Structure formats: structure tokens, C-alpha cells
Amino acid sequence: MSDASYHEGIAYDGSVPPEQWRDVPVDEQEEYDDSPEQSFQDVTTSPLSTFASDVDTASYSNLRRQLRQGVAPEGVRIEELVNYFDYDYPTPDGDAEDPFTVTTQIAESPWSPDHQLAMIGVQATAAKPTSQGNNIVFLLDVSGSMDEPNKLPLLADSFELLVEQLDEDDTVSIVTYAGSDQVLADSVPGDRRGELVEILRELQAGGSTGGAQGLQTAYELAAENFVDGGNNRVILATDGDFNVGPSTPEQLTDLIEDHAKSGVYISVLGFGMGNLKDNTMEAIADHGNGNYAYIDTLDEARKVLVDEFDSTMFVVAQDLKVQVEFNPATVAEYRLLGYDNRRLEDEEFDDDTKDAGDVGAGHAVTAFYELVPAREGAPVDDLDYQDVESGQSTDFLTVHVRYKQPGAGTSTEVVFPARASVFTTRPTSDFRFASAVVEFALAVTGSPHAEDASPTRARERAEAALGEDSYGLRSEFVGLIDTYQELAG
């Protein structure tokens, strides 16, 4: 990891927090997905909870940008705030059959003392699945909407950092798009860094935004230079404001899904503010076997493109789904916190044609459930836990994980029971910090299910659970809570 301290930079144009929420001009429209959060589910009628994995982190850095610009938070996705941070989960052994481990911890809920919180962590192996080279296509938005200091200039600086990670075994192509698309580089060896950097430094913004045609060209280039067994990836950098040709999330995901079957993955990097189309970029990543990050500072670019290069670029588990079965003997009700647009129907867990999230080398997927403990006399059914009388089993739940090896057509299921021993009255610092992130997110979004979720309590718990915090990311989060409270009064 770089020596840079991620929490020192502010927004790229040097703005500072105002003393109250900034009134956003009416011509500046940002768009976010509005999937409803889950309410509490009765275990006797809905014993299963199923969702697709998600390793995106865009919501956290976008929230940071919003607070530093004095803008009321929008597009807050709990799972992306939680997954922005690293946790000390055990990693798979080198000869492990499956490329991940699953860890579960349960403790009392800080904002609902009569409830419990279950923290489930899926930790992927850090071992790269291939030693073949990278075939990467930079797809860069140079339309007029990118003509802002925190857009195209920051984009160019960010990709310069990425170029420095490449070598002679890698191939780079560069496609730009505005009113039309243009190929600026085709299969340039990665060690010709000066040539690639010069192209980036000469980028200029102007014109309309024909993103769909740019995507088509980028995928065609990736296919022409395809490396068998290698990492074939399009990296799209944009504010998401497509206005020529197919432009809605639905239209673009249809295009993306066709290409996702080719073995070419996609990473989406969001830039800028005011007209950020967060919903479009998230949809492209979700449907294109990809990941989505928001770049608000050069330090964030370094985190995503340098320090997390392997996890951003190399998939180790494809279409990873999680299904949790709850035991009515110990749990009466539950609700999944976050993953609001990643929830799946229970029958989709076994459906290998149903797309789900991909997990990169070293990535971790963390999910929280809020639990209502069971009372004696709960009715039963015929699942693993439903064929026992209430009170006989002390298991809390069982985590089922289904995934495919990269490029495989069929999936493998792995099962991890959570016994009574996972409950603790002394949760780890990771649990305390991550639960503070969840509580803050519930308070910021005004969740009707959060009871007395408090930014003040979240701050106290986060500050007490910083741990080593070598690069200041957890400390930065504590500072963001301070900023939020100052702005919100």
C-alpha cells in the first residue's frame, strides 16, 4: 500500500465544507437507485435470505465527497460503506478447495438492545488466478460534462497511476467517447508508459455523450486482443451522464449482459458531481461482471488502482451468492441491512443462469443481519432447522455460499453453520467498527427500522475501535461523522 494517507486529501477542486447544506442548483441532477430497504421477516414464513455478493465501494467515497461539498447525502448503500474497509478475516489456506473463508459473529445490537447483530464475512484468497498478462481497454468519457477539475483532470491523473502498474506482458488500448468514439491506442505494450501517459495528458473534453457506442468499441478491442487465461477487462471512467443513443440503465445493461458472456470483465470508475448518474454506473458494473468505485481524490484512485490492483482486476470467485437459513429456535425475525438492489429470490440461489457478483483476489464481502431473538413455542417447518422443536437447537443460522470458478458454467455450494459459540458479549474491534458504519448509515438514510440509530453513538464506537488503522481510513470515517453532524446541526 502506498505511503499516502488517504484521509488527508479533500475534494479535487479544493472545496471545503460549508456551514450548512449547500443548495444544489436545479440544473444539477444526480441520479441514484431507490431500491427499498428490507423490513423484518418472520423466520417461520421466510426462513431463507438470499443475495448476490457486492464488493463495490463507490457509495462510501461518494458520501465523503457529498459531505465535503456540503451536499445532503444521497445514494447511501450500507454494504458499500461497510465493504470500503478491511477486516481481519482468516484467509484460505494455499491448498484450500474453495477460494474463500466464511466467518460469523453475533452480538447485541447497539441501537436496539433487545435485538442482535450478525456479521457475516466472506474473505477471498489473495492469490491471483492467473499469471498471464492483462488485456485492458481504457474507455474514457471526454464529453462536455467531463470538463470540470474533479472530472477529466482527475481521470487522467488516476489512469497515470494505473499505467505505472503495468509491464511488457500487458496490453493497453485507449478509447475515448463524446459525440463519437475514437481509438487513441490499440494493443500498446504496458511498458511503453511514456506513450500512454502522453495520450492521457492530451485529453480534452467537449461534445455530447455517446457512451453506448464507446462501450461497443471497447469490447470489440478487448475481444480482438483477448488473452486466453489472462485478465481481459474494460475500465470505464465517466460521470455516467450518457445522452446519445442507448442511455438508460435498462438499455445499457442489455448491451453489457451480451458482452459479459465473452469473458471480458468491466470496472467502472465514477467521477465528478452535479450530474453524477450513480444508478447507471452501478447497473453497468452489476450486469457486466464488474465492480464500481467512485474516485473523489487522487488518493482514492491510488487505493483502487494501485493498492487494490489485484482485487480490482483479478476475479477468483464468479457469480458468488449467499443464502442464509435462520433457525426458528433462536431467531424469530431478521432483516438484511443493505444489499437492497442485490437481493435474490430464494430459488435463484441454485440457478446457475442467474448472474451475481464477482469477487476479486483479496476482496472481502461483509453483510449484517439484525435479528429478533426467538421466544419459546415458535412454530416449525421442514428445513434444516424447521424440523426441530423450538428450543432444542442452539444454532443461530447456516450460511450457504454458491460460486463458480472463473469461466466455469456450473457452481459449487459450500455450507458454514453458525453455532451458539459465535455469540459474544465482547465483539471484536472489527465488529464494533463495522457496526458503527452500519449505524451511521441507518441514521443518515433515516431508516424507519433503525429505532434510535445515532451518529453520536456510532462515532464513539468507531473511535474506540480504530485498531492499527495504518492508513487513517477509519480515522477519516470518524471525521466524516463530525462533518455530518456539523452540517446537519
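**Exercise 1. Pocket lining**

Task: In this predicted model, find how the lining of the second largest pocket divides into nonpolar, polar and charged residues, and where that lining comes from.

Solution:
- Start with the classes: the lining has five nonpolar, four polar and 11 charged residues.
- Next, look towards the middle of the space. The lining is made up of 20 residues, and those nearest the centre of the pocket are Ala 283, Asp 286, His 287, Asn 341 and Arg 342.
- Then assign the lining to elements. Two or more residues come from each of α6 and α7 (278–287), and α7 gives the most, with five residues.
- Finish with the volume, which is about 460 Å³ for this second largest pocket.

**Exercise 2. Helix α5**

Task: Work out what span helix α5 should have, and which elements its buried residues pack against.

Solution:
- Helix α5 covers residues 211–224, which is 14 residues; at 1.5 Å a residue the expected span is 20 Å.
- Compare that with the model: the C-alpha atoms at the two ends are 20 Å apart, so the expectation and the model agree.
- Now list the buried residues of α5: Gly 211, Ala 212, Gly 214, Leu 215, Thr 217, Ala 218, Tyr 219, Leu 221 and Ala 222.
- As a reminder, residues three or four places apart point the same way, because an α-helix has 3.6 residues a turn.
- Finally, follow the contacts outwards. The buried residues of α5 pack against the strands β5 (134–141), β6 (171–177), β7 (181–189), β8 (231–238) and β9 (265–270), and against helix α6 (249–260).

**Exercise 3. Salt bridges**

Task: The structure holds 28 salt bridges. Take three of them and say whether the partners are buried or exposed.

Solution:
- Keep the principle in mind: side chains of opposite charge can pair when their charged atoms come close.
- Begin with Arg 77 and Glu 80, whose closest N and O atoms are 2.6 Å apart. Both residues are buried.
- Move on to Lys 404 and Asp 319, paired at 3.0 Å from N to O. This bridge links distant parts of the chain, 85 residues apart: Lys 404 sits in strand β15 (residues 397–404) and Asp 319 in strand β11 (residues 315–326). Here too, Lys 404 and Asp 319 are buried.
- The third pair is Glu 439 with Arg 461, at 2.9 Å from N to O. Glu 439 belongs to helix α10 (residues 429–445) and Arg 461 to helix α11 (residues 455–463), 22 residues apart. Both are buried.
- To close, look for shared partners: Arg 64, Arg 68, Asp 296, Glu 300 and Glu 476 are joined into one network of salt bridges.

**Exercise 4. Arg 65 and helix α10**

Task: Explain why Arg 65 counts as buried, and why α10 is described as largely enclosed.

Solution:
- Place Arg 65 first: it lies in helix α1 (residues 58–68).
- Apply the cut-off of under 20% relative accessible area for a buried residue. Arg 65 has 3% relative accessibility, so it counts as buried.
- List its contacts, leaving aside residues up to four places away in sequence: Glu 30, Tyr 32, Gly 272, Met 273, Leu 276, Tyr 294 and Asp 296.
- Turn to α10. Of its 17 residues, 14 are buried, so the rest of the structure largely encloses this helix.
- Check its length as well: from first to last C-alpha, α10 reaches 24 Å, close to the 24 Å expected at 1.5 Å a residue.
- End with the residue just after α10, Gly 446, which takes a positive phi of about 65°.

Note on methods. Residues numbered from 1 in each chain as written. Predicted model: local features only at pLDDT ≥ 70, side-chain atom pairs only at ≥ 80, totals over all residues. Heavy atoms only, no water. Helix = DSSP H or I, 4+ residues; strand = E, 2+ residues; numbered from the N terminus. Expected span 1.5 Å × (residues − 1). Buried < 20%, exposed > 50% of the residue type's maximum accessible area, 1.4 Å probe, protein only. Contact = heavy atoms within 4.5 Å. Salt bridge = Lys/Arg side-chain N within 4 Å of Asp/Glu carboxyl O. 1 Å grid on protein atoms, 1.4 Å probe; cavity = no way out; pocket = protein on both sides within 12 Å on 5 of 7 lines; lining within 4 Å. Points joined across faces, edges and corners; volume = space filled by probe spheres on them. Nonpolar A, V, L, I, M, F, W, Y, C, P; charged D, E, K, R; others polar.
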